[in-house]
Amino acid sequence: MDVGSTLPRGKILQKRYRLLGSLLALSLVAVACGDDDSTSTTTGGSSDSTGAPVEGAEITIALGSEPTSLDPYIVDDGAERAINDNIYETLLSRDAGGTLQPGLATALPTQIDETTWQFTLREGVTFHDGSAFNADSVVASINRIVKLVADAATDNDGFYRTITGATKVDDVTVNITTDGPDGVLPARMYWLKMIPASAETTADLSESLVGTGPYKFVSRTVGSDIQIEVNPEYWGDAPSITKVTYEFVAEGGTRLAGLKSGKYDLITNLPPQDVDQAPQPANVQGQEHPVLILDVDEGITADPNVRLALNLAVDKQAIIDQVYGGFAVADAAQILSPSVLGFNADLAPVEYDPEQAKQLITDAGLEGATIQLVGEAGRWLNDRELLEAVAGYWKATGLEVQLDILEFGAYLDVLFDRTNRADAIFVSSSNDILDPDRQLSTYYQAGGIGASNSNEELSALIDQGRQQLDPADRQATYEEAVKIAADGSYFVWLASNSDLYGLSERMSWTPRVDSKLLVKEMSVTS
Amino acid sequence: MGRYIARRLGQGLVVIFGVTIFVFVITRLIGDPVKFMLPLSATPEQREARRAAMGLDDGILTQFFRFIGDLLRLDLGESTYVRGQSALSVVFDYLPRTLQLVALGMIFAVVLSIPLGVLASRKPGGITDRILTTLSLIGLSMPQFFLGFMLLIAFTVKLQWFETGPGPWTTNLVLPAVCLALPAIGRLSIVVRSSMIDEMNTQYVKVAKAKGMTQRRIMGVHALRNAGIPYVTLLGWEIIRALAGYTVVVESVFNWPGLGFMAKTAIKNQDFYLIQAIVFVIAVIVVLLNIVIDIAYKVLDPRVDLQ
């Protein structure tokens, strides 16, 4: 129905503009006056903080999304982990710097043979339902994940594919077996959350979250929030914060407003441009590495000099300052963070040298040639700005840049296309379990879903690194592997953007390199 | 009446079935939920295994007949985004917030549009009429995403009277409801105004005037009721458009986790099953609403023949 047609149109329009003006003026006055009688209440941010942690404090954490499931075996979801990392525990843990530590196991595992790792378990630990944590729980946990992997029902296949089973030796000793020598297994056991033996065949753990962790699940309102409270029976040191509410706030501006008003004590993914507004920003160099995968085998980027030129052409420092507000570190020609095993400390970031870049392109006779750069916008921090900056730097070398910023689904089609590799594909690579194997087998190893090279030597090294059992041997192997890619300029390495958090003034917490939000490490000062 | 409703329900079933099948075809043409379910680093083998486990590697016809069979048993599959849950149960988790939003918005719309329209119709072309008509035009021509952000800036950021996100309706639902209502108020009050003007020019109103009945009673009792039919038609349309479209925008702007918010997420993640379930449930509601509107005609004007 066209309701507008019943009106004398011309007449109305004249009046409309006059009215519109006065309305706008009115609303501006209303908005300006409003600041005085603001009704917001500020609960955080006291200026006279004494530094002593408040016992029994309650905090609210704003996450950017709602968990898609609360079953840690099924989904690979940061929001799920933010909550469940406090409810469940793993055999091994990591300190804030990323070094493997005992967890529910009393020590790092010992090797029985090439495919068997033996764990000794902590005694006197109980689950939230009162049942004891022992070898049976470990066997049940392993059995559950092995079955889910076999049924293709878990998204975490990549973390656990090598595991074949577990056997109980006695109540506090368990052997975990793998399908071949697997040096990654200790790191995998830092990731697999331990469940009670009774939960082995539960289809979906979301309905009842029973772990051994310092916090217990209390309630959930779908679409809105999840609450957890301290577990009084916890075997470790009692945390000072007793109650946590997680709210799901998709909009970054809303998270920041809530932090400023004192509604939230911790917000994740604080944009660098908002750092000045947060009562207490916190950052750590995490595992995020935005990188451009170059096609080493075919096309314009098959020439190593061109790949070098593409690296030389990009001003990493300008990107750090302009795109990441200074909260980033130039990548040392590898996608591994210093906190990850295999990081090659001898490699340095490629220096910015636009003159040499231009010379190399000219020498290759490629002035005016077109290079394709494929990316997406919106999934990773300031990705569009980053891509546009890179395209600008590349253009300055004399190349024509075809920048394709695609919708995410279409972008994935390009990233996963094994037969037709684009010249350069943007991706932000991350590392959850702080082990290099998965990152390198995805992006460095020939045949990996994001790899654009066919170097067999490199591929063999990555296989070898997975199969070596001694961390020192693995370190040496991976150092060699990442050096091959660095020498051959297989990627354009950019800068690793920091994980940024906003804290209320009363919060005291140091972010971890593995980006876990462990409430037991947080406290509130009065 | 009973036979009429039965017939309309029968027609409705055809509509619901048709719409659902249409969505099945569209989603199968455009996407692949597995791409969005698994982490970036998942291997091609893992992706294939997942597709096989979900039956997505079967031929499209096999999938279609399985879908029809499941649909007859009201099984719309498992959501690929909200994992481990049937798509229908996800819909019913999020639907209540959308119903609250639409209900409050439509209450605002009705409560304001009738007096405004009547007020404007009292002296067509007068200053009140011009002001109100202009305001209506502004209201109905403003896109909701723009209106929403304006409301947010004024009342949440500056004045801090309201909050966004889930929460009690007094602080969290009023603003999205206003955002949903304002364009509807514009459209509805214009209809009230024009039908009132039409009614005021009819013979029976002239007779009522001649016998000395007050303007207030003529307008409030006689004319308004007769102006009801176009109003109810448009109100029904407003409710349907709100449920099937406007809430997607409004809920996203105000971060109100209802079905519109979920619809956006489902599309973003190419969650076939959830998209289907949302469309299915909304189609059922729309069919039922249309029947209710027809019955409302009969109540307002007994001369209407529902046969």
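In this predicted model, a convenient place to start is A:Asn231, which sits in the loop linking strand S9 (225–230) to strand S10 (241–248) of chain A. With a relative accessibility of 5%, A:Asn231 counts as buried, because buried here means under 20%. Its side chain reaches the backbone nitrogen of A:Glu233 at 3.0 Å. Once neighbours within four places in sequence are set aside, the contacts of A:Asn231 are A:His128, A:Thr212, A:Gly213, A:Pro214, A:Tyr215 and A:Lys216.

From this single residue the view can widen to the domains of chain A. Two are assigned: domain 1 covers residues 69–207 and domain 2 covers residues 287–497. Taken over C-alpha atoms, the centres of domain 1 and domain 2 of chain A are 33 Å apart. Their contact draws on 18 residues of domain 1 and 12 residues of domain 2. The size of an interface is often expressed as the accessible area lost when the parts come together. For domain 1 and domain 2 of chain A, the buried area is about 1300 Å², and carbon and sulfur atoms give 59% of that area. On the domain 1 side, A:Phe159, A:Gly183 and A:Val184 lose the most area to domain 2, and together they make up 33% of what that side buries.

Polar and charged pairs also cross between these two domains. There are 4 residue pairs in polar contact across the interface of domain 1 and domain 2 of chain A, with both residues of each pair at pLDDT 80 or more. Helix H4 (157–160) and helix H5 (185–188) of chain A are the elements that give two or more residues to the domain 1 side of this interface. By residue type, the domain 1 side that touches domain 2 divides into 7 nonpolar, 5 polar and 6 charged residues. The salt bridge count between the two domains of chain A is 1.

Salt bridges can also be followed through the structure as a whole. Side chains of opposite charge can pair when their charged atoms come close. Over all chains, the search finds 31 salt bridges. A:Arg81 and A:Asp432 form a pair that links distant parts of the chain: A:Arg81 is in helix H2 (residues 78–87) of chain A, while A:Asp432 is in the loop between strand S17 (424–429) and H12 of chain A, 351 residues apart. The closest N and O atoms of A:Arg81 and A:Asp432 are 3.5 Å apart. A:Arg81 counts as buried at 14% relative accessibility, whereas A:Asp432, at 23%, counts as partly exposed.

Another salt bridge of chain A joins A:Arg512 to A:Glu521, with 2.8 Å between the closest N and O atoms. Here A:Arg512 is buried at 1% relative accessibility, while A:Glu521 is partly exposed, with a relative accessible area of 34%. In chain B, B:Arg187 forms a salt bridge with B:Glu238, and their closest N and O atoms lie 2.4 Å apart. B:Arg187 belongs to helix H9 (residues 174–200) of chain B and B:Glu238 to helix H12 (residues 228–253) of chain B, so this pair ties together parts 51 residues apart in sequence. Both B:Arg187 and B:Glu238 are buried. Returning to chain A, salt bridges with shared partners join A:Asp76, A:Arg81 and A:Asp432 into one network.

The remaining interface to describe lies between the two chains. About 4200 Å² is buried between chain A and chain B, with carbon and sulfur atoms giving 61% of that area. The contact involves 56 residues from chain A and 46 residues from chain B. Across the interface of chain A and chain B there are 4 salt bridges. B:Lys35 forms a salt bridge with A:Asp413, the closest N and O atoms being 3.0 Å apart. Between chain A and chain B, 11 residue pairs are in polar contact, both residues being at pLDDT 80 or more. On the chain A side, the elements giving two or more residues are helix H1 (9–34), H4, helix H11 (408–416) and helix H12 (436–443) of chain A. Of these, H1(A) gives the most, with 10 residues. The chain A side that touches chain B is made up of 25 nonpolar, 15 polar and 16 charged residues.

Methods: Residues numbered from 1 in each chain as written. Chains lettered and ligands numbered in written order. Predicted model: local features only at pLDDT ≥ 70, side-chain atom pairs only at ≥ 80, totals over all residues. Heavy atoms only, no water. Domains from an automatic or database assignment. Contact = heavy atoms within 4.5 Å. Buried area = accessible area lost by both parts, 1.4 Å probe. Salt bridge = Lys/Arg side-chain N within 4 Å of Asp/Glu carboxyl O. Polar contact = N/O pair within 3.5 Å; in protein donor to acceptor, adjacent residues only side chain to side chain. Helix = DSSP H or I, 4+ residues; strand = E, 2+ residues; numbered from the N terminus. Nonpolar A, V, L, I, M, F, W, Y, C, P; charged D, E, K, R; others polar. Buried < 20%, exposed > 50% of the residue type's maximum accessible area, 1.4 Å probe, protein only.
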